[in-house]
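Here is a short set of questions and answers on a protein bound to RNA. Have a look at the model before reading on.

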Amino acid sequence: MNTGIVMLDIKYVTQNLQEVQKALSTRGKTADLEDLNSFNEQRKKILLELENLRHRRNVVSQEIAAMKKEGEDAEGLVAEMRKVSSSVKNLANSLSETEEKINIIVMSLPNLPNASVPLGEEPSDNPLRYTKGRLPDFDFEPLPHWTLGEQLGILDFNRAAKITGARFPLYFGLGARLERALINFMLDMHTEHHGYKEVLPPFIVNRGSMTNTGQLPKFEEDLFKLQGWDYYLIPTAEVPVTNIHQGEILEEENLPVFYAAYTPCFRSEAGSYGKDTKGLIRQHQFNKVELVKFTTPETSYDELENLLNNAETILKRLEIPYQVIELCTGDLGFSAAKTYDIEVWMPAQNVYREISSCSNFEAFQARRGNIRFRRKGKKGTELVHTLNGSGLAVGRTVAAVIENFQKADGSVAIPEALQPYMGGMKRIELCM
RNA sequence: GGAGAGAUGGCCGAGCUGGCUGAAGGCGCUCGCCUGCUAAGCGAGUGUGGGGGUUAUACCUCACCGAGGGUUCGAAUCCCUCUCUCUCCGCCA
């Protein structure tokens with residue numbers, strides 16, 4: 001099968017050590033690429049020797065077969081081949097050891113930022129791209145969604161904690177209905193107007209899938225793992241949906257491929273103790289509609305703009321104000337080459353909060369997952385580019401709707417575009 | 001959970017008493033010929049990845065017949081483990 005050399009293209013890395021080193025350093029990463037390079041030289045050396053021996057073995061084995069057919073004694077050659085075979089075995093072992101060393105390094109290298117990504121070290125360096133929508137103008141002090149939600153009887157975090165623990169949501173009545181309405185609204189929008197095909201994937205995936213999209217091997221602590229299985233709860237639909245085509249060779253004429261998937265998402269939120277402890281913002285379980293694209297390399301950046309647009313459309317239709325920022329090199333996720341975040345206005349906290357993250361992974365995930373395409377009339381294959389973005393995180397959308405559409409009497413108006421999904425209802429009032 | 005059967009190239013399907021089979025045959029596809037158009041017919045080609053080599057081709061070579069190990073001078077073919085698929089029985093949303 002494949003020899004286990006994947007991820008950042010090893011050839012590219014070893015032939016462009018300086019540039020790669022430099023690109024990684026803009027992300028605040030340093031990597032021992034020198035080691036990588038020397039392991040790779042070692043690998044090639046062993047491989048050459050191994051192949052020569054195997055060649056000799058193949059040739060002589062034929063001779064032995066011919067001699068036996070003639071009834072001649074081949075014992076001398078057989079004896080020689082016994083030695084060759086044991087060398088082959090030894091060399092093969094050291095080859096796979098070397099490959100393993102390379103793999104460990106290469107699997108933990110993040111993607112290289114695209115040249116267009118702004119340089120920066122931390123979130124505060126992320127440039128604002130634009131702001132959209134009009135901020136609501138309240139003539140009273142807006143309440144946070146958790147207070148309103150509990151007052152209205154549509155959210156209940158205390159009981160959720162009783163059932164499971166901290167950071168789990170429990171919706172009642174119109175709250176549950178609102179969550180479901182948003183899921184349907186988003187899926188309908190993307191499938192009927194934006195050209196995505198709806199998929200409903202498994203919510204549990206194996207290690208290989210997690211590795212292909214980049215969650216593993218480095219971020220195991222962020223995941224929920226099933227005891228006794230090498231299976232994980234998905235942290236995002238990106239994982240199962242991108243892996244739909246793992247190991248496949250797609251035809252150019254079938255590209256691009258667009259998928260939209262609703263799934264719950266599960267995240268351990270390790271290291272975020274004390275952060276966003278209230279409300280729907282940071283939960284171990286939340287719903288999300290995810291958009292995933294497979295494209296040719298030359299169209300992936302146009303498709304990223306389109307993807308961002310598709311996600312923005314949801315907020316526009318819901319009439320919720322938001323801003324779009326571009327992640328700087330230092331804030332980029334492990335697998336991403338470029339990312340835009342959409343941040344939604346949360347009036348009670350007086351801040352914009354991330355509600356969608358749209359990224360182009362270029363060939364990074366495709367290389368890990370071996371997802372290729374063949375150009376019409378051309379020999380050979382190329383790696384596709386993969387992209388994905390939230391369209392949108394549903395729980396945070398509920399929070400945004402509640403906060404932005406709240407009224408002085410503690411009720412919440414329902415955005416017009418959503419009303420058909422709420423049975424024509426215009427307002428959420430006390431729900432017992 | 002119990003009992004069987006299977007996993008081969010884009011597809012179907014041989015091979016599985018080990019050696020010239022990267023893999024017959026068919027279908028499909030591509031190019032060429034033929035033809036008033038279509039159909040039929042004829043000829044050639046048609047997997048992926050790695051290494052070497054070349055300015056680039058050519059070319060040489062290694063690996064891959066679900067995955068991983070083993071036996072052997074040599075394995076698609078024999079042995080072991082795992083995964084998946086199918087059939088029957090049981091159980092269950």
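**Contacts with the RNA**

Q: How far does a polar side-chain atom of arginine 374 lie from a phosphate oxygen of RNA strand B?
A: This is a predicted model. In it, arginine 374 places a polar side-chain atom by a phosphate oxygen of RNA strand B, and the distance is 3.2 Å.

Q: Which elements give two or more residues to the surface near RNA strand B?
A: Arginine 374 sits at the end of one of them, β11 (372-374). Two helices join that strand on the list. The full set is α3 (33-69), α4 (75-107) and β11 (372-374).

Q: Which element gives the most residues to that surface?
A: Near means within 4 Å here. With 14 residues, the top contributor is α3.

Q: What is the distance from an N or O atom in the side chain of arginine 82 to a phosphate oxygen of RNA strand B?
A: Arginine 82 is listed with Glu51, Ser85, Arg372 and Thr381 as coming nearest, out of 24 residues around the strand. Its side chain has an N or O atom beside a phosphate oxygen, at 2.3 Å.

Q: Which kind of oxygen of RNA strand B is 2.8 Å from the side chain of arginine 372?
A: Arginine 372 is also among the residues that come nearest. An N or O atom of its side chain is 2.8 Å from a sugar or linking oxygen.

Q: What share of the RNA strand B atoms within 4 Å of the protein belong to sugar or phosphate?
A: These atoms are split between sugar or phosphate and bases. The bases hold the rest; sugar or phosphate holds 76%.

Q: How many residues of the surface near RNA strand B are charged?
A: The surface also has 7 nonpolar and 5 polar residues. The charged residues number 12.

**Away from the RNA**

Q: Why does the end-to-end distance of helix α7 agree with its 21 residues?
A: Helix α7 covers residues 173-193. At 1.5 Å a residue, it should span 30 Å. The distance agrees because the end C-alpha atoms are apart by 29 Å.

Q: Which residue just after α7 takes a positive phi?
A: The buried residues of α7 include Leu187, Met189 and His190. Just after the helix, a phi of about 85° belongs to glycine 195.

Q: Which residue in β7 is the bridge partner of proline 264?
A: Strand β6 (residues 257-266) has 9 of its 10 residues buried. β6 and β7 (residues 285-295) run antiparallel, joined by 10 bridges. Proline 264 pairs there with asparagine 287.

Q: Which residue in β6 stands opposite lysine 197?
A: Strand β2 (residues 197-199) runs parallel to β6, with 3 bridges. Opposite lysine 197 stands tyrosine 259.

Key: Residues are numbered from 1 along each chain as its sequence is written. Chains are lettered from A and ligands numbered from 1 in the order in which they are written. This is a predicted model: local features need pLDDT of at least 70, side-chain atom pairs count only at pLDDT 80 or more; totals for chains, interfaces and linings use all residues. Side-chain values use heavy atoms; hydrogens and water are left out. Buried means under 20% relative accessible area, exposed over 50%, partly exposed in between (1.4 Å probe, protein chains only). Helices (H or I, at least four residues) and strands (E, at least two) are DSSP runs, numbered from the N terminus. Two strands pair if DSSP finds at least two bridges between them. A polar contact is a pair of N or O atoms within 3.5 Å; within protein, one must be able to donate a hydrogen and the other to accept it, and residues adjacent in sequence count only if both atoms are side-chain atoms. Ala, Val, Leu, Ile, Met, Phe, Trp, Tyr, Cys and Pro count as nonpolar, Asp, Glu, Lys and Arg as charged, and the others, Gly among them, as polar. The expected span of a helix is 1.5 Å times one less than its number of residues.
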